[in-house]
Amino acid sequence: MVKEKVVCCYDGSFQGFLSSVFTIYERRLDAVDIQKCEGSGTDMFSVKLQIDSDRSKAERVLKGLKKHSDKRMIKQIYRCFLSEQDGIEMRLLVLIRQIFKGNTGYFYNYGDENVMALHKVLKMIRREVHRMHAFVRFQELKDGSYAAVVEPDFDVMPLIGQHFEDRYPSMEWIIFDVRRQYGLHYKDFKSTFIGFEEKLLTIKSSALSTEELEYQKMWRQYFQSVNISERNNAKLHLRHVPRRYWNNLIEKQ
Amino acid sequence: MKLATIEKLSILSDAAKYDVSCASSGSDRKNTKTGLGNSTGMGICHTYTQDGRCVSLLKILLTNFCIFDCAYCVSRKSNDVKRAAFTVQEVVDLTMNFYKRNYIEGLFLSSGIFKSPDYTMERLVRIAKKLRTEHQFNGYIHLKAIPGASEELLYEAGLHADRLSVNIEMPSEKSLKLVAPEKSFKEALEPMSYLKSAISESKAERRKSRNAPKVAPGGQSTQLIVGASPESDHQILNLSDQLYKTKQLKRVYYSGYVPISDDARLPTVDKTPVVRENRLYQADWLMRFYGFNVDEIVSDLHPNLDLQLDPKSAFAMRNLHLFPVDINRADYWQIIRVPGIGVKSAKKIVAARKFRRLNVEQLKKIGVVWKRAQYFIECVGYLNKLLDKPEYLIRRNLLPASVQQSEREKQLTLW
């Protein structure tokens with residue numbers, strides 16, 4: 001007889017994911033899957049289990065993780081989770097189970113298929129975060145604040161704030177993810193996540209400060225002038241600056 | 001007539017572009033609450049030019065007016081180009097505004113020599129000082145140390161800059177004298193030596209007191225032009241090796257000569273030697289991160305790097321008796337000498353084999369390039385029999401696919 005598989009159905013948030021982990025331990029579930037709610041329907045061999053995103057349950061899982069590993073490990077788990085990759089929840093569950101078993105070195109067992117897959121995801125996240133550090137282009141608005149729009153491959157907005165806070169503490173700025181329609185607003189040494197009622201896709205040129213277009217023009221000029229055309233190498237250029245980022249790069253317009 | 005800033009930018013960035021250094025890494029400067037910028041040790045390339053080079057810094061000359069006439073330089077006195085000069089304020093405004101928009105990591109400021117070395121150096125220092133003190137700019141600053149400038153000015157430059165560099169340009173005294181009669185090796189090495197001791201003194205002072213001033217925390221670098229003079233790779237890499245050891249340079253850059261001039265003192269080159277340049281960088285990396293000695297890479301017997309084969313593979317082919325390396329037993333420094341295994345893979349291998357003995361599939365997943373590594377290693381379930389193959393076959397299989405293709409075509413036409 002096929003053992004019925006339980007599908008934990010959660011809201012897609014990290015808290016919801018951790019609540020699922022809590023429930024799996026609480027009910028001693030073996031054959032499970034963890035999926036976002038709007039995901040695929042259940043097949044005939046599985047039971048759907050609705051998981052409520054519960055703060056205290058999530059915190060208990062985090063506390064347990066902290067006890068059995070360290071803060072850095074939790075950060076890595078969070079980073080993997082933000083990749084929004086198919087099946088990442090189950091890969092993380094395997095990792096979490098190993099940690100709770102006391103197998104703390106598991107994450108560095110590079111010969112293991114699951115570990116390698118997680119490191120691959122981390123590498124992709126790291127690269128995307130790095131690209132955001134590089135490719136954010138602030139534009140100065142009339143009120144002296146700065147705004148940038150981005151379209152990252154993964155949901156990296158929670159990971160990039162610190163970098164820009166350290167760098168631009170005395171400026172007011174917004175970085176907005178137009179794909180996921182939310183962003184980061186920084187003002188007076190504090191940053192908060194923001195969303196707008198109307199869909200925001202670009203920064204209107206009417207909102208820009210008088211100097212802004214001048215500096216954009218100079219930046220484009222600079223980008224042209226530093227090129228050594230005798231050495232042109234389109235393939236290399238594209239590898240470093242993939243086309244999907246061009247939309248929001250001033251110098252590529 | 002007064003030039004618009006954008007026109008100056010066009011002229012003075014065009015003139016600065018042959019300096020290949022664009023690193024913004026290796027320094028550590030924290031921001032203040034009211035300041036602008038930081039530098040965290042990890043460089044960021046904010047964009048890449050069409051030629052595929054990293055754009056990290058606003059790289060400009062303060063001016064391209066110059067009293068010297070060095071054959072390899074676009075700004076040489078006898079060259080008929082449009083001249084311009086930034087004001088101090090213009091450079092400061094550009095840097096601040098580009099930085100605020102997240103275009104750049106900081107400023108790379110070089111200059112033609114006008115009036116005298118001291119006069120020029122003093123202007124460069126003034127800009128860096130203004131950025132640091134008046135504008136609380138904590139982003140990256142790379143300044144040129146002008147040979148012949150006073151030690152006081154060099155020291156002050158070090159107080160404000162993250163990195164300083166003196167370009168040697170030609171890889172031997174003889175070649176330098178030929179193209180730049182006013183310059184000498186000694187003149188370039190003197191400021192390097194002075195800065196080396198100033199930097200290490202500051203480091204020692206800072207170990208005693210956290211408040212002691214930092215001098216060029218990102219260290220020094222230099223640049224060598226490749227392909228404009230007859231030196232072999234052996235001579236070039238020996239010079240680099242000496243510079244790393246005796247002057248403690250952080251980086252030596254190699255710039256494939258771009259034929260910018262029809263000056264009779266220079267050879268006629270129809271193409272920039274990009275492959276040779278690339279091989280020199282690979283060799284440089286082997287010396288700095290892979291524990292290779294310079295004479296293991298090039299020697300009197302093999303004075304030039306193999307253009308078809310990367311230097312690590314070439315080393316392995318000359319030293320087949322050192323292989324195969326047992327992945328599950330050999331130490332890190334042996335593993336890292338295997339073609340197809342880099343620093344990251346080697347570290348992962350050493351970490352992973354504590355859990356289990358590794359097999360081929362696992363090595364591939366870790367990131368080992370099997371195409372090259374297969375000739376030089378052994379691991380679980382894999383006994384290396386390929387090393388018995390004739391050398392020319394191994395060599396052929398190590399070549400990049402594009403080279404293999406053209407080799408095959410060459411053979412076809414022979415038949």
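Helices (H or I, at least four residues) and strands (E, at least two) are DSSP runs, numbered from the N terminus. The model is predicted: local features need pLDDT of at least 70, side-chain atom pairs count only at pLDDT 80 or more, and totals for chains, interfaces and linings use all residues. Residues are numbered from 1 along each chain as its sequence is written, chains are lettered from A and ligands numbered from 1 in the order in which they are written, and side-chain values use heavy atoms, with hydrogens and water left out.

**Exercise 1.** Locate A:Asp188 and classify its accessibility.

*Solution.* Step 1: A:Asp188 belongs to the loop between strand 7 (182-187) and strand 8 (190-194) of chain A. Step 2: its phi is positive, about 50°, although A:Asp188 is not a glycine. Most residues other than glycine have a negative phi, and most peptide bonds are trans. Step 3: buried means under 20% relative accessible area, exposed over 50%, and partly exposed in between (1.4 Å probe, protein chains only). A:Asp188 therefore counts as exposed, at 59% relative accessibility.

**Exercise 2.** Carry out the analysis for A:Arg28.

*Solution.* Step 1: A:Arg28 sits in the loop between helix 1 (14-26) and strand 2 (32-36) of chain A. Step 2: A:Arg28, not a glycine, has a positive phi of about 50°. Step 3: because its relative accessibility is 74%, A:Arg28 counts as exposed.

**Exercise 3.** Describe the peptide bond between B:Phe323 and B:Pro324.

*Solution.* Step 1: the bond is cis, with omega about 5°. Step 2: B:Pro324 lies in the loop between helix 10 and strand 9 (325-326) of chain B.

**Exercise 4.** Which residues line the largest cavity and the second largest cavity?

*Solution.* Step 1: on a 1 Å grid over the protein atoms alone, a cavity is a set of points where a 1.4 Å probe fits but cannot get out; lining residues have an atom within 4 Å of a point. Grid points are joined across faces, edges and corners, and a volume is the space filled by probe spheres set on the points. Step 2: the whole structure holds two cavities of 30 Å³ or more. Step 3: the largest cavity, with about 60 Å³ of space, is lined by A:Met132, A:Phe135, A:Val150, A:Glu151, A:Arg244, A:Tyr245, A:Asn248 and A:Leu249. Step 4: the second largest cavity, with about 30 Å³, is lined by A:Ile228, A:Arg231, B:Tyr18, B:Val20, B:Arg53, B:Ser255, B:Gly256 and B:Val258.

Terms used:
1 Å grid on protein atoms, 1.4 Å probe; cavity = no way out; pocket = protein on both sides within 12 Å on 5 of 7 lines; lining within 4 Å.
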